[in-house]
Amino acid sequence: MTLMRRLNVELDRFAERFAADHRLHRTDVNAVVVIMDAAREGRPLSPGTLGAALNLSPPATTALLNRLEQAGHVERRRSATDRRKVELALHEQAVTLGGQFFSPLARHLSAAFSEFTDQERQVIERFLTGSIDATISARHESAAGHGGDSRPIDGA
């Protein structure tokens, strides 16, 4: 568990450096990742879905999207299939900036993973997937233990 905590702290510190270098809030960086993942999966993402993913209230989500739009990273677009809906799209500059900054991390992590056999990587994948699922379960349990109050947190 100590190693997991240390990894989490180091990954946070790395992401915080990117946020500071580009005058973004940490939540802004998390939002860009959520939007990028949705785009990679071919899944449209609405502002409401983004807010839920980040545990933000609607006003906090709007403030977040306003910051990202002003920085030129995100655009709100009308859905091609239902013009009443709004979907989020990343500008290419956000993808390029993220790629430039995070590519050293990806390179170093890839080098570390390359030292493992395919079988060992499968075990690591199972461990990480189980750890993510356990963390989600603990978060839900914690919310239920506080009177079930899982309202979004206002702010970034």
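Of the 156 residues in this chain, 21% count as buried. Keep in mind that you're looking at a predicted model. Below is a quick tour of the whole chain, then a closer look at helix α4 and one of its residues, L65.

**The chain as a whole**

- The chain has six helices and two strands.
- Starting at the N terminus, the order is α-α-α-α-β-β-α-α, so to picture it, read four helices, then the two strands, then two more helices.
- Along the principal axes, the C-alpha atoms fit in a box of roughly 50 × 45 × 35 Å.
- Take the contacts with a separation of 6 or more: 46% of them link residues 24 or more positions apart.

**Surface and charge**

- About 11,000 Å² of the chain's surface is accessible, and carbon and sulfur atoms make up 56% of that.
- There are 20 positive and 20 negative charges, and their mean positions sit 4 Å apart.

**Helix α4**

- Helix α4 covers residues 58-70, which is 13 residues.
- At 1.5 Å a residue you'd expect a span of 18 Å, and the end C-alpha atoms are indeed 18 Å apart, so the two figures agree.
- Its buried residues are A60, T61, L64, L65 and L68.
- Those residues take up an arc of only 135° around the axis, which means they're on the same side of α4.
- On the face turned away from that buried side, you'll find the exposed residues P59 and Q70.
- What do the buried residues of α4 pack against? Their partners are two helices, α2 (26-40) and α3 (47-54), plus both strands, β1 (74-78) and β2 (86-90).
- Just past the end of α4, G72 has a positive phi of about 80°.

**Zooming in on L65**

- L65 is part of helix α4.
- Is L65 buried or exposed? Its relative accessibility is 1%, and because the cut-off for buried is under 20%, L65 counts as buried.
- Setting aside neighbours within four places in sequence, L65 touches P47, L50, V74, R76 and L88.
- Among those contacts, P47 and L50 fall in the range given for α3 (47-54), while V74 and R76 fall in that of β1 (74-78).
- L88, also in contact with L65, belongs to the stretch listed for β2 (86-90).
- As for a residue further along the chain, A134 is 69 residues from L65 in sequence, and their C-alpha atoms are 30 Å apart in space.

Methods: Residues numbered from 1 in each chain as written. Predicted model: local features only at pLDDT ≥ 70, side-chain atom pairs only at ≥ 80, totals over all residues. Heavy atoms only, no water. Buried < 20%, exposed > 50% of the residue type's maximum accessible area, 1.4 Å probe, protein only. Contact = heavy atoms within 4.5 Å. Areas by Shrake-Rupley, 256 points an atom, 1.4 Å probe, with all protein chains shown as cover. Lys, Arg positive; Asp, Glu negative; His and termini not counted. Charge placed at Lys NZ, Arg CZ, Asp CG, Glu CD. Expected span 1.5 Å × (residues − 1). Arc of directions from axis to C-beta.
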